[in-house]
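Subject: A structure for you to look through

Hello,

I am passing on a structure that I would like you to read alongside this message. Please keep it open while you go through the notes below, since they are meant to be followed residue by residue.

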2 protein chains.
Amino acid sequence: MENDSVSQSLKLFIVLSRAYKAINEHVNKVIQASGLNPTEFAVLELLYHKGDQPMQQIGGKILLASGSITYVVDKLEQKGMLVRIACPNDRRVTFAQITDKGKAFIEEVFPEHAQQIHSLMSSLSDSEKQEAIDLLKKLGLPAGKF
Amino acid sequence: MENDSVSQSLKLFIVLSRAYKAINEHVNKVIQASGLNPTEFAVLELLYHKGDQPMQQIGGKILLASGSITYVVDKLEQKGMLVRIACPNDRRVTFAQITDKGKAFIEEVFPEHAQQIHSLMSSLSDSEKQEAIDLLKKLGLPAGKF
DNA sequence: TTATAATATCTCGACTTCAAGATTATTATA
DNA sequence: TATAATAATCTTGAAGTCGAGATATTATAA
């Protein structure tokens, strides 16, 4: 029946929200204990793993409004974790580039971060994780394009 | 290998975050178009579906600090969606109670809300949704208890 | 070429949230 | 009973986020 199908979708929405929030809450605590807030950490990790990024792109990847990017990048710059680099080709564009201090920070904190996530996920077996990954990809990819 | 297992957990964390954020972004837009913000909507829906609640309990269920509850309940009271009721047995406690206007609001907006979630989830079949529900429960319940 | 549109970043003001502490009420203990 | 501990709500100040608009640059079209 159509009605049951809708309430099943609602139920999935609820368990998805709960699982995300429960895990994220713990993850954020560890991040904040390191001295950065979750957004700052996300930006710095992006620069570490993907290299220099125009401010614009940071917003797209971390899902942050343009006004907020300026703010977060300011903070990280004040902390010496990144520097702004003017783009030589297009003077509208500014790149954010991680510093040595920023790299050292990520290299110190990231393994613990990864390990914590791993233990928060230990209630699923490897094959269950793979199933969950496949299902969530199938769920999230189309939703991102609406 | 242990290392692959950790990176699989990281991958699950990423797809979980993406799926949640992608869906939530759309859901929040519809809610905000109705004139409430997501937190206000969550509180009002709680009162509609679960009856009168002490302020304290609202915080526990919606995951909100006590200072924020006061603020949100103020807003909803100003909008005529709920009223504060003093508890006759324990004068420390204040109940929040949804008004007729609040009920009418939820009855108008909720079906559209549910339908939107349903269509955001249409990339999964009913049986895949059930698998996802089971896996996310197994993942989220223990994480909530850490 | 010049005018117009699109793009990137930043500024500013408003809103929401939290954390810490204050206030008031209740319960437990001496 | 008096005192202390606990509990629920509210107040305040700080931080983070967004949206709208400002500014500067680049791309496009007449």
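**A salt bridge between the chains**

A good place to begin is B:K138, which forms a salt bridge with A:E128, the closest N and O atoms being 2.7 Å apart. Because B:K138 belongs to helix 6 of chain B while A:E128 belongs to helix 6 of chain A, this pair joins two chains. Please bear in mind throughout that this is a predicted model, and that every value quoted here is computed from it.

How accessible are the two partners, B:K138 and A:E128? B:K138 has a relative accessibility of 38% and therefore counts as partly exposed, whereas A:E128, at 17%, counts as buried, because the cut-off for buried is under 20% relative accessible area.

The surroundings of A:E128 can be described a little further. This residue is found in helix 6 of chain A, which covers residues 126-144, and a polar atom of its side chain lies 2.9 Å from the backbone nitrogen of A:S125. If residues up to four places away in sequence are left aside, A:E128 touches A:S123, B:L135 and B:K138, so that its list of neighbours includes B:L135 and B:K138 from chain B.

**The interface as a whole**

That salt bridge is part of a wider meeting of the two chains, in which 49 residues of chain B are in contact with 49 residues of chain A. The size of an interface is often given as the accessible area lost when the parts come together. For chain B and chain A, this buried area is about 5100 Å², with 73% of it on carbon and sulfur atoms.

How many salt bridges does the rule find across the interface of chain B and chain A? There are 2, and besides the pair described above you will find A:K138 and B:E128, whose side chains meet in a salt bridge at 2.7 Å, taken from N to O. The rule also finds 14 residue pairs in polar contact across this interface, with both residues at pLDDT 80 or more.

On the side of chain B that touches chain A, the elements giving two or more residues are helix 1 (2-33), helix 5 (100-120) and helix 6 (126-145) of chain B. Helix 1 of chain B provides the largest share of that side, namely 21 residues. Sorted by class, the side of chain B that touches chain A has 26 nonpolar, 13 polar and 10 charged residues.

**Salt bridges within a chain**

Over all chains, the count by this rule comes to 11 salt bridges, and some of them lie inside a single chain, including the one in which the side chains of B:D74 and B:R84 meet at 3.0 Å, N to O. B:D74 lies in helix 4 (residues 66-78) of chain B and B:R84 in strand 2 (residues 82-86) of chain B, so this pair ties together parts that are 10 residues apart in sequence. Both partners are partly exposed, B:D74 with a relative accessible area of 30% and B:R84 with a relative accessibility of 29%.

In chain A, the residues A:D74, A:E77 and A:R84 are linked in a network of salt bridges. Another salt bridge is formed by A:D90 with A:R92, where the closest N and O atoms are 2.8 Å apart; here A:D90 counts as partly exposed at 24% relative accessibility, while A:R92 counts as exposed at 75%.

**The sheets**

Strands of a sheet pair through backbone hydrogen bonds, either parallel or antiparallel. In chain B, 3 strands form an open sheet in the order 1-3-2, and the pairing is antiparallel. Strand 1 (53-54) and strand 2 of chain B stand at the edges with a single partner strand each, so one side of each is left without a neighbour in the sheet. Strand 2 of chain B is joined by 5 bridges to strand 3 (residues 94-98) of chain B, and the two run antiparallel. B:R84, the residue already met in the salt bridge with B:D74, stands opposite B:A96 in strand 3 of chain B.

Chain A has an open sheet of 3 strands in the order 1-3-2, with antiparallel pairing, and its edge strands are strand 1 (53-54) and strand 2 (82-86) of chain A. Between strand 1 of chain A and strand 3 (residues 94-98) of chain A there are 2 bridges, and A:Q53 stands opposite A:A96 in strand 3 of chain A.

With best wishes

Notes: Residues are numbered from 1 along each chain as its sequence is written. Chains are lettered from A and ligands numbered from 1 in the order in which they are written. This is a predicted model: local features need pLDDT of at least 70, side-chain atom pairs count only at pLDDT 80 or more; totals for chains, interfaces and linings use all residues. Side-chain values use heavy atoms; hydrogens and water are left out. Contact means heavy atoms within 4.5 Å. Buried area is the accessible area (1.4 Å probe) that two parts lose on being put together, summed over both. A salt bridge is a side-chain nitrogen of Lys or Arg within 4 Å of a carboxyl oxygen of Asp or Glu. A polar contact is a pair of N or O atoms within 3.5 Å; within protein, one must be able to donate a hydrogen and the other to accept it, and residues adjacent in sequence count only if both atoms are side-chain atoms. Helices (H or I, at least four residues) and strands (E, at least two) are DSSP runs, numbered from the N terminus. Ala, Val, Leu, Ile, Met, Phe, Trp, Tyr, Cys and Pro count as nonpolar, Asp, Glu, Lys and Arg as charged, and the others, Gly among them, as polar. Two strands pair if DSSP finds at least two bridges between them. Buried means under 20% relative accessible area, exposed over 50%, partly exposed in between (1.4 Å probe, protein chains only).
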